[in-house]
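Student: I have a new structure to read. Can you walk me through it, feature by feature?

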Amino acid sequence: MSVEKVRTYLQNMHCPKSILEFETSSATVDLAAQAVGVIPARICKTLCLLSKDGPIVIAIAGDAKIDNHKFKHTFGIKAKMLSPEETLQATGHAVGGVCPFALPEGTKAFADVSMQRFETVFPAAGSSNSAIELTCDELFHYGSCTAWIDVCKGWEE
């Protein structure tokens, strides 16, 4: 089970935070916000896209969307989301539980600046009914993110 893989990964990274598991689905931003009890923007959604170097994940704020122009400027190619099957293969997590934790070798993680306006955010933790509350610095560290990037729109409006 992916949530157990994430739990073990976070323990090995000496993360002191506990994974929250819910009776109901937290597979979408709105469902996760209801389960956690926060505004949707504080939910960290993790998208899986293709880069020139292979699959990448980008952790972004719940109210943000990929800006194709910014993405192309940053990565040199047009933004292309992976299918649910490709996402599972690239991340080890099914859609609804995708997170920047416990990724297979070769899948790089990035964090978008859209999250930095919040003290804490809630990414999934490997399943469609889990989350973990982290500061942005903790998310960057435990997610082994490569860089903070600015590839989103819609959140500044």
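**Reading the pocket, the sheet and the loops**

Tutor: Begin with strand 2, which gives the most to the lining of the largest pocket, with six residues. Keep in mind that this is a predicted model.

Student: How much space lies in the largest pocket?

Tutor: About 350 Å³. The lining of this pocket has 25 residues. Nearest its centre lie A27, K45, T46, G96 and V98.

Student: Which elements give two or more residues to the lining?

Tutor: They are helix 2 (29-36), strand 2 (43-51), strand 6 (120-123) and strand 7 (130-131).

Student: How many residues of the lining are nonpolar, polar and charged?

Tutor: Sort the lining by class. There are 17 nonpolar residues, seven polar ones and one charged one.

Student: Let's turn to the sheet. How do strands of a sheet pair?

Tutor: Strands pair through backbone hydrogen bonds, and the pairing is either parallel or antiparallel. Here, six strands form an open sheet with mixed pairing. Their order is 8-6-2-3-5-9.

Student: Which are the edge strands?

Tutor: Strand 8 (134-135) and strand 9 (145-149). Each of them pairs on one side only.

Student: How many bridges join strand 2 to strand 3?

Tutor: Eight bridges join them, and the two strands run antiparallel. Strand 3 covers residues 54-61. One facing pair to find is L50 and, in strand 3, P55. The two strands form a hairpin, with two residues between them.

Student: In which sense do strand 2 and strand 6 pair?

Tutor: In the parallel sense, over two bridges. Look for I43, which stands opposite F122 in strand 6.

Student: What joins strand 5 to strand 9?

Tutor: Three bridges do, and these strands run parallel. Strand 5 covers residues 108-112. For a pair to click on, take A109, whose bridge partner in strand 9 is C145.

Student: Is strand 2 largely enclosed or open?

Tutor: To judge that, count buried residues, meaning those under 20% relative accessible area. In strand 2, seven of the nine residues are buried, so the strand is largely enclosed by the rest of the structure.

Student: Where does helix 2 lie?

Tutor: Helix 2 lies across strand 2 and strand 6. Next, read its direction. Helix 2 runs at about 150 degrees to strand 2.

Student: How far apart are E86 and C48 in sequence and in space?

Tutor: Compare the two distances. E86 and C48 are 38 residues apart in sequence. In space they are 8.8 Å apart, C-alpha to C-alpha. E86 is found in helix 4, residues 84-91.

Student: Is E86 buried, partly exposed or exposed?

Tutor: Partly exposed, because its relative accessibility is 34%.

Student: Now the backbone angles. What is phi of H14 near?

Tutor: Check the sign, then the residue type. Phi of H14 is near 60 degrees, a positive value in a residue other than glycine. H14 is found in the loop between helix 1 (2-12) and strand 1 (20-21). Its relative accessibility is 66%, so H14 counts as exposed.

Student: What is the phi of S144?

Tutor: About 50 degrees. That is a positive phi, although S144 is not a glycine.

Student: Where does S144 lie?

Tutor: In the loop between helix 5 (136-142) and strand 9. S144 counts as partly exposed, because its relative accessibility is 45%.

Key
Residues are numbered from 1 along each chain as its sequence is written. This is a predicted model: local features need pLDDT of at least 70, side-chain atom pairs count only at pLDDT 80 or more; totals for chains, interfaces and linings use all residues. Side-chain values use heavy atoms; hydrogens and water are left out. On a 1 Å grid over the protein atoms alone, a cavity is a set of points where a 1.4 Å probe fits but cannot get out, and a pocket is an open set with protein on both sides within 12 Å along at least five of seven lines; lining residues have an atom within 4 Å of a point. Grid points are joined across faces, edges and corners, and a volume is the space filled by probe spheres set on the points. Helices (H or I, at least four residues) and strands (E, at least two) are DSSP runs, numbered from the N terminus. Ala, Val, Leu, Ile, Met, Phe, Trp, Tyr, Cys and Pro count as nonpolar, Asp, Glu, Lys and Arg as charged, and the others, Gly among them, as polar. Two strands pair if DSSP finds at least two bridges between them. Contact means heavy atoms within 4.5 Å. Axes are lines fitted to C-alpha atoms, for helices over the stretch in contact, and angles run from 0 to 180 degrees between N-to-C directions. Buried means under 20% relative accessible area, exposed over 50%, partly exposed in between (1.4 Å probe, protein chains only).
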